[in-house]
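The report that follows is meant to be read alongside the sequence and the coordinates. It moves from the sheet to the cores, and then to a few individual residues.

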Amino acid sequence: MKKLIAILLMSAMVLGLCACAQQGAQEAAPTEPTPAPTMAAYEPNPKTIHVLVPATVEGWEGSAAQAAIDLVEKIQAEGSITVVTDEYGSVEQQIQRLEDIAAAGPNDGSVGVVLMPAGDGVEEALQKLLEANVSYALAENIPESAAGASVANVYYDHRQIGAAAAAYLVNMGLTQKNDVVVLEGLSNADALKTEGFQLYLQGKLPVDGAYIETPWDDFSTVAYSDMEETTRQGAKLYFETYMEDGDRAWTGYFASWNDDYILGMIDALNDSHITEKNRNRLFDMEPVVTGFGADAQLRELLEDADAQTDETAEEIRYVEDFRSINSLVYEPGMLAQALQAMADYMAGTVVEQDQPLSVQWMNPIPQTEE
């Protein structure tokens, strides 16, 4: 019995010594320091500009779109900003694209949008951009409610355009007693042109620093178009209706807020709807027409009329019967200039917010005799 107890005691001692040895070994083993937690380096999102361009290759909108697309390549080549070109075919499509951009994020100011607002309803979509921390730059049709928050507003002073047209017609002999037609569309821009036209004639708005010598106090001789379609075809239909009245056919002055409307007038004159009698009355007045846009098709038509021969006279009828057809010229760079302003803004450059553009007459303005 004593022998068994001794064996058990010795075994316990051996186990105890092993445990102590293991503990000592564990205490003696060198310990590696636990690495401190690290934060990932901050990588800002790349800067992106969305340019919304009209899905057309015709007219001034097509020219404006192409000028912006040409600039996209230059900005992309610099490498610091990504530019995405988005087409729209209607105001609804433009609004939807703006809403999609606002919803996509990342809400950190790295996204900008450049556009020519296409119509009513865009203001709400622009507000959604601001709420998503997306900046925007506007060209051409600038909503008043959105202008203050825009990086840049690139536009033509439409009131000055209307005033310049009025001054041109006055320079060509228009007085308060003469009948004059204003061919206008339904856009805000056309409404501003009409306002400028009236203000100049009232002596309230100067052109090139000069006011009209004899202000108007009566506009009863002015007819404003009521076009169901603000297009070339709409202008044609309006002019045909206007010329049905023999008394109104004695009209010698026309102010058109779009060159398409002038082309519509010419289409109507070459159609059979207007009687020869009323057409002759019109040309007895040696009519003068002002336009806006210096449309390439109108230029070509006038050039062809100047160069026509007896063999081609029937193809370009009546253009040469106007005393003057003139149009205000503007470079189609509005959208491109807004894009450059947004690129400069994103690069940290201070950008001028209001950027009005200037225009000039397609043909030199004739001077009245002293």
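Two strands count as paired if DSSP finds at least two bridges between them. Helices (H or I, at least four residues) and strands (E, at least two) are DSSP runs, numbered from the N terminus. This is a predicted model, in which local features need pLDDT of at least 70 and side-chain atom pairs count only at pLDDT 80 or more, while totals for chains, interfaces and linings use all residues. Residues are numbered from 1 along each chain as its sequence is written, and side-chain values use heavy atoms, with hydrogens and water left out.

**Confidence and overall make-up**

The predictor's confidence in each residue is given as pLDDT, from 0 to 100. The chain has a mean pLDDT of 86, with 83% of its residues at 70 or more. Contact here means heavy atoms within 4.5 Å. Over residues 2-9 pLDDT stays under 50, and the model has zero contacts for them beyond four places in sequence; for residues 17-21 pLDDT likewise stays under 50, again with zero contacts beyond four places in sequence.

The secondary structure comes to twelve helices and twelve strands. Among the contacts in the chain with a separation of 6 or more, 76% are between residues 24 or more positions apart. A residue is called buried under 20% relative accessible area, exposed over 50%, and partly exposed in between (1.4 Å probe, protein chains only). On that basis, buried residues make up 43% of the 370 residues in the chain. Accessible areas come from the Shrake-Rupley method with a 1.4 Å probe, and for residues only the protein chains shown count as cover; the chain exposes about 20,400 Å², of which carbon and sulfur atoms supply 50%.

**The parallel sheet**

Six strands form an open sheet with parallel pairing, in the order β2-β1-β3-β4-β5-β11. Its edge strands, β2 (81-88) and β11 (354-357), each pair on one side only. From one strand to the next, the twist averages 15°, where axes are lines fitted to C-alpha atoms, for helices over the stretch in contact, and angles run from 0 to 180 degrees between N-to-C directions. Helix α2 (residues 59-78) packs on this sheet, touching β1 (47-54) and β2, and its direction makes about 160° with that of β2.

Strands β1 and β2 pair in the parallel sense over eight bridges, and H50 has V84 as its bridge partner in β2. Seven of the eight residues of β1 are buried, so that this strand is mostly covered. Elsewhere in the sheet, two bridges join β4 (residues 135-139) to β5 (residues 153-156), which run parallel; A139 has V154 as its bridge partner in β5.

**Nonpolar cores**

A nonpolar core is a set of buried Ala, Val, Leu, Ile, Met, Phe, Trp, Tyr and Cys residues joined through side-chain atoms within 4.5 Å. The largest such core has 55 residues, of which I49, V51, V114, L169, F197 and L339 touch the most other members. Leaving aside its neighbours within four places in sequence, F197 is in contact with G162, A163, A166, L169, V180, V182, A255 and W257. A second, separate core has 31 residues, including F254, I262, I274 and L282.

**Helix α8 and E240**

In helix α8 (residues 232-242), where E240 is found, the buried residues are G234, A235, K236, Y238, F239, E240 and Y242. What covers them includes β6 (180-183), β7 (222-224), β8 (253-256), α9 (259-269) and α10 (276-284). E240 has a relative accessible area of 7% and is therefore buried. Not counting residues up to four places away in sequence, E240 touches A268, D271, H273 and I274.

**Unusual backbone geometry**

Most residues other than glycine have a negative phi, and most peptide bonds are trans. A cis peptide bond joins G105 and P106, with omega about 5°, and P106 lies in the loop between α3 (91-104) and β3 (111-115). Two residues other than glycine with positive phi are set side by side below.

| Residue | Phi | Loop | Relative accessible area |
|---|---|---|---|
| E140 | about 70° | between β4 and α5 (144-147) | 13%, buried |
| D208 | near 55° | between α7 (188-201) and β7 | 77%, exposed |
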